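Let's take a walk through this structure together. Keep the 3D view open and turn it as you read.

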Amino acid sequence: MSASQSAVRSRAEAVKVSRTFDWMILFTLFFVVLGGYHIHYMLTGGDWDFWTDWKDRRLWVTVAPIVSITFPAAVQACLWYRYRLPFGAVVCILGLLLGEWVNRYLNFWGWTYFPVNFVFPSQLIPGAIVLDAVLLLGGSMTLTAVVGGLAYGLLFYPGNWPVMAPLHVPVEYNGMMMTLADLQGYHYVRTGTPEYIRMVEKGTLRTFGKDVAPVSAFFSGFVSIIIYFLWHFFGRWFASTEFVSGEAV
Amino acid sequence: MAATTEQVKADAHEAPLLNKQNMFAGAALYIVFYGWVRWYEGVYGWSAGLDSFAPEFETYWMNFLYIEMVVEVMTASILWGYIWKSRDRKVMSITPREELRRHFTHWIWLVMYGIAIYYGASYFTEQDGTWHQTIVRDTDFTPSHVIEFYLSYPIYIITGVAAFLYAKTRLPTYQNGLPLQYMVSVIGPFMILPNVGLNEWGHTFWFMEELFVAPLHYGFVFFGWAALGVLGVVNIEVGAISKLLKKDLA
């Protein structure tokens, strides 16, 4: 090839071009995935994530990991298997948390005046780190699904416990026993969460007494394994570079 | 490394490979515009957006809706029309350097798509949740809907389709058919807008307030997944750019 057929003038320019593309690609990937992931998460697990009085020991612990392991599995399927980049899960969760924190502060607090200690998002980083670490060390989709997926479900409640514990202490209010989080909910009435819809702390899981959260976390981890497998293959499909003919569309 | 610290010489008369001015000006346009929109919501949401039968609602919100719809249709027609009309009819004959320059311009469009998707799917969609958990709706065109559905969604659709059209009309990479995941990543999020029809029908039919995880909203979820098509776009682009730089990076 002659020099005129080259896209760049020198190796230095090639390196510079390559790195500039890296940044532009990462920026776009981060924000597009953030958008898709956030709309998915807010509409499948959002209410449990929005309000502390929804952050119970049963459904929040069960639902949040199951619906949030989706995009990390899909993005890992592209970033690891094509580029050996071991941060697919963490980059997804960082995007989601950025979108959520900006919203909780500027809109939940800034527009509708719910206090931030009532609307802070769930913590998902510990599970994401484990997902990426298992994939990096094991290099196996199956191992990541089984070990990482289970850990993702199991770690969710302990990861959130330091923030939630103070809000789960019992208080007596007008002769009723409730948690501080419940009390927040009573004071901040919302259109979609009247008492007859809210299902905090009901159900036969109470049969296990204090073990509600571990049982829920274990079940969540089990389903997270299955969801990881499923979304890994979704991710592979979304990462495909296929072209179709105009006639086929 | 010597290779990375060596000064890059550019031809003084040549257009830059990446027009950074355009990129930062484009990003600033979205950020400043949406900053103003958020200010407008903060002021006129509470003062004029609580009762759709009030005259001030017509003034501040319905007129906003009518104006934005006209402007969006005009912007889409002019922008998409211009990109198509000015297409390169000899796209397979461009030099590798010109191709690289066009990839950069294409990525400016994709960066804008990232910003537009963020505001539409993340910022204004979750914002809608808190507004409707606070204010009981009496119309489909609530202040948050006027912004979310009828402003931020059309804006990312206009941006996404513009990026797709740019790639299709100016880059050799996209001349061998239609890139499936590119279409998924643009048409999928576009389908969120028609899905508003289902959403409004359901809210009207059941008068359910804003329980965000209600199955009525799952249409948005399904089409939101399509954003992952960006992975395929990245892979196509990485392949094309690597091909252009391969021998120089070897």
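Before we start, one bit of vocabulary: two strands count as paired if DSSP finds at least two bridges between them. Keep that in mind, and keep in mind too that what you're looking at is a predicted model.

Now put that definition to work. Strand β3 of chain A, residues 243-244, is joined to β1(B) by two bridges, and the pair runs antiparallel. Since the cut-off is at least two bridges, these strands count as paired. Which residue of β1(B) is the bridge partner of A:Val244? That would be B:Leu178.

That pairing links two chains, so let's see what else goes on between them. On the chain B side, 68 residues are in contact with 64 residues of chain A. The elements of chain B that give two or more residues to this side are α1 (2-5), α2 (20-48), α4 (96-134), β1 (178-179), α6 (180-206), α7 (218-225) and α8 (230-249). Which of them gives the most? It's α4(B), with 25 residues. Sort the chain B residues that touch chain A by type and you get 36 nonpolar, 22 polar and 10 charged. For the complex, the predictor gives an ipTM of 0.91 and a pTM of 0.92.

Let's look at chain A by itself. You can find 10 helices and three strands in it. Starting from the N terminus, the order is α-α-α-α-α-α-α-α-β-β-α-α-β. Its C-alpha trace spans about 85 × 40 × 40 Å along the principal axes. Of the 249 residues in chain A, 51% are buried. Now take the contacts in chain A with a separation of 6 or more: 68% of them are between residues 24 or more positions apart.

Look for the two strands that sit next to each other in that order. Strand β1 of chain A (residues 170-173) and strand β2 of chain A (residues 176-179) pair in the antiparallel sense, over four bridges. Together β1(A) and β2(A) form a hairpin, with two residues between them. One residue in the turn, A:Asn174, has a positive phi of about 50°. If you want a spot to check the pairing, find A:Glu172, which stands opposite A:Met177 in β2(A).

Next, pick out helix α7 of chain A, residues 125-138. This helix has 14 residues and reaches 20 Å from its first C-alpha to its last, close to the 20 Å expected at 1.5 Å a residue. Which residues of α7(A) are buried? They are A:Gly127, A:Ala128, A:Val130, A:Leu131, A:Asp132, A:Val134 and A:Leu135. Here's a handy rule for reading a list like that: an α-helix has 3.6 residues a turn, so residues three or four places apart point the same way. The buried residues of α7(A) pack against α3 (59-68), α4 (70-83), α5 (88-109) and α8 (141-164) of chain A. Just after α7(A) comes A:Gly139, with a positive phi of about 65°.

Over to chain B, which has eight helices and one strand. Along the sequence, the pattern is α-α-α-α-α-β-α-α-α. The C-alpha trace of chain B spans about 65 × 40 × 35 Å along its principal axes. Buried residues make up 43% of its 250 residues. Among contacts in chain B with a separation of 6 or more, 84% come from residues 24 or more positions apart.

We met α2(B) among the elements that touch chain A. This helix has 29 residues and reaches 40 Å from its first C-alpha to its last, close to the 42 Å expected at 1.5 Å a residue. Its buried residues are B:Tyr34, B:Arg38, B:Glu41 and B:Gly45. What covers them includes α4 and α5 (143-170) of chain B.

Now for a single residue: B:Glu58, in helix α3 (residues 55-85) of chain B. Why does B:Glu58 count as partly exposed? Because B:Glu58 has 14 C-beta neighbours inside 10 Å. B:Glu58 and B:Ala48 are 10 residues apart in sequence, and their C-alpha atoms are 8.7 Å apart in space.

Last, how confident is the predictor about chain B? The mean pLDDT of chain B is 91, and 94% of its residues reach 70 or more. Over residues 1-7 of chain B, though, the pLDDT is below 50, and this stretch has six contacts in the model beyond near neighbours in sequence.

Note on methods:
Residues are numbered from 1 along each chain as its sequence is written. Chains are lettered from A and ligands numbered from 1 in the order in which they are written. This is a predicted model: local features need pLDDT of at least 70, side-chain atom pairs count only at pLDDT 80 or more; totals for chains, interfaces and linings use all residues. A residue is buried if 20 or more other C-beta atoms lie within 10 Å of its own, exposed if 12 or fewer, and partly exposed in between; C-beta atoms are placed from the backbone. Two residues are in contact if their C-beta atoms, placed from the backbone, lie within 7 Å. Ala, Val, Leu, Ile, Met, Phe, Trp, Tyr, Cys and Pro count as nonpolar, Asp, Glu, Lys and Arg as charged, and the others, Gly among them, as polar. The expected span of a helix is 1.5 Å times one less than its number of residues. pLDDT is the predictor's confidence in each residue, from 0 to 100.
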